[in-house]
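Let's walk through this model together, one piece at a time. Keep the sequence and the 3D view side by side as you read.

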Amino acid sequence: MKRPVLTLTRSKQLSALCWAVVLFFGALANWFPVKDLPNPLRTAVVGLLLVAAVVIILTTLGVWVEKGDERSAENERRTNSTLFTLVFLAMGALLVWMKNGQTLILGRSELLVAFGCVCLAQDILFLLYERFGA
Amino acid sequence: MLETKIKELRLARGMDQATLAALVGVRRETIGRLEKGQYNPSLKLAMDIAKVFDRTVEEVFTFREEP
């Protein structure tokens, strides 16, 4: 039987790293837009982001990743539960912080950063449960 | 606290963690956690592991009262 290339833990670590890369450049783009970078640097950044995107897609789809088991299923459940609680608390904090009549507008890049934060948090939480959970 | 004889039984059969993991359908890391007593298996997994070693569940897993 052919063994998968990546363990589940390793795939989550890779995914977390790639999301961190996406978030780093996403946040950096606020001060240094990619289109204003010199060509070689722009090519390198775009190339790195493309590689990160491919790795994220492959690890999310579970390509070449070992199959999960009862322990990973339980850790996945705990991760999603904790993540929901955190998002719930963040939304509550936002409701308290925002004044009446105030609107929240998220541009495409901000939405990508927000989505990336949730995905990165999910990977990190899963890895923490794998490492320290019973 | 859960104590197991998995490592002892596994080594007596010259088996590595990956082989045992494949036999019972879990990841190698899960076997590692089980051996260290850091994971409580489901009843099915406990029975599958006991079956591999041709033992009863009670012979492989014991619960020790914490002081």
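**Starting inside helix α2**

In α2(A), the buried residues are A52(A), I56(A) and T59(A). Here, buried means that 20 or more other C-beta atoms, placed from the backbone, lie within 10 Å of the residue's own (12 or fewer is exposed, and in between is partly exposed). A quick word on what you're looking at: this is a predicted model, where local features need pLDDT of at least 70 and side-chain atom pairs count only at pLDDT 80 or more, while totals for chains, interfaces and linings use all residues. Residues are numbered from 1 along each chain as its sequence is written, and chains are lettered from A and ligands numbered from 1 in the order in which they are written.

So what do the buried residues of α2(A) pack against? Their partner is α1 (8–28) of chain A. Now check the length of α2, which covers residues 39–61 of chain A: at 1.5 Å a residue, its 23 residues should span 33 Å, and its end C-alpha atoms are indeed 33 Å apart. (The expected span is 1.5 Å times one less than the number of residues.) After α2(A) comes G62(A), with a positive phi near 75 degrees.

Zooming out, chain A has four helices and zero strands, in the order α-α-α-α along the sequence. Both kinds of element are DSSP runs numbered from the N terminus: helices are H or I with at least four residues, strands are E with at least two.

As for the whole chain, the C-alpha trace of chain A spans about 55 × 45 × 20 Å along its principal axes. Buried residues make up 17% of its 134 residues.

Note on methods: Two residues are in contact if their C-beta atoms, placed from the backbone, lie within 7 Å.
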